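Colleague: I would like to go through the charged side chains with you. Can we take them one step at a time?

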Amino acid sequence: MSKSTNKYKVGQFVRWYETYAEGFLGRDAGYGIVTGVRIHHIYSDHISYSVLRNKHGDVMWFDEKHIEDKEEFKERMNEQKTNSSVCG
């Protein structure tokens, strides 16, 4: 079993992304605060986070790939602004 380290900490302000049942992003998005961390060691190390969503006032669990911290979000947005090509 490999040792996992969680990327986000309890109390950290993050941006979350909700997916459709098929796995496509875009159902909903917003900001929230990490309230819990789960590390699953069943098939491979899998980390999920409970997030108190500011927009809805509820708590939902998200995979690590569906949240990012504020700085990551700002960097990504700045990269997209400076990249004016259609194909990326």
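Modeller: Start with a definition. A salt bridge is a side-chain nitrogen of Lys or Arg within 4 Å of a carboxyl oxygen of Asp or Glu. Side chains of opposite charge can pair when their charged atoms come close. Keep in mind that this is a predicted model.

Colleague: How many salt bridges does the count come to by this rule?

Modeller: The rule asks for a nitrogen and a carboxyl oxygen within 4 Å. Glu18 and Arg27 meet it at 2.5 Å, N to O. By this rule the count comes to six.

Colleague: Which residue forms a salt bridge with Arg53?

Modeller: Arg53 is found in strand S3. Its closest N and O atoms in the salt bridge are 2.7 Å apart. The partner is partly exposed, with a relative accessible area of 27%. That partner is Asp58.

Colleague: Is Arg53 buried or exposed?

Modeller: Buried means under 20% relative accessible area. Arg53 has a relative accessible area of 5%. Therefore Arg53 counts as buried.

Colleague: With which side chain does the side chain of Arg53 make a polar contact at 3.0 Å?

Modeller: Look at what Arg53 touches, leaving aside its neighbours within four places in sequence. Its contacts include Trp16, Tyr31 and Phe62. The residue you want is also among the contacts of Arg53, and it is buried, at 10% relative accessible area. The polar contact is with the side chain of Glu18.

Colleague: Which residues are linked in a network of salt bridges?

Modeller: Take the pairs. Glu18 and Arg27 meet in a salt bridge. Arg53 forms one with Asp58. The network links Glu18, Arg27, Arg53 and Asp58.

Colleague: Why is Arg27 called partly exposed?

Modeller: Partly exposed lies between the cut-offs of 20% and 50%. Arg27 falls there because its relative accessible area is 48%.

Colleague: Which residue forms a salt bridge with Arg76?

Modeller: Arg76 is partly exposed, at 29% relative accessibility. Its partner is buried, with a relative accessible area of 10%. The closest N and O atoms are 2.7 Å apart. The partner is Glu68.

Colleague: Now for nonpolar side chains. What is the accessible area of the surface patch that includes Leu52?

Modeller: Leu52 has its place in strand S3, residues 46–53. Leu52 is partly exposed, with a relative accessible area of 33%. Phe13, Ile33 and Val59 join Leu52 in the nonpolar patch. Together they have about 290 Å².

Conventions: Residues are numbered from 1 along each chain as its sequence is written. This is a predicted model: local features need pLDDT of at least 70, side-chain atom pairs count only at pLDDT 80 or more; totals for chains, interfaces and linings use all residues. Side-chain values use heavy atoms; hydrogens and water are left out. Patches are made of residues with over 30% relative accessible area and no salt bridge: like charges are joined within 9 Å, nonpolar side chains (Val, Leu, Ile, Met, Phe, Trp, Tyr) within 5 Å. Accessible areas come from the Shrake-Rupley method with a 1.4 Å probe; for residues, only the protein chains shown count as cover. Helices (H or I, at least four residues) and strands (E, at least two) are DSSP runs, numbered from the N terminus. Buried means under 20% relative accessible area, exposed over 50%, partly exposed in between (1.4 Å probe, protein chains only). A polar contact is a pair of N or O atoms within 3.5 Å; within protein, one must be able to donate a hydrogen and the other to accept it, and residues adjacent in sequence count only if both atoms are side-chain atoms. Contact means heavy atoms within 4.5 Å.
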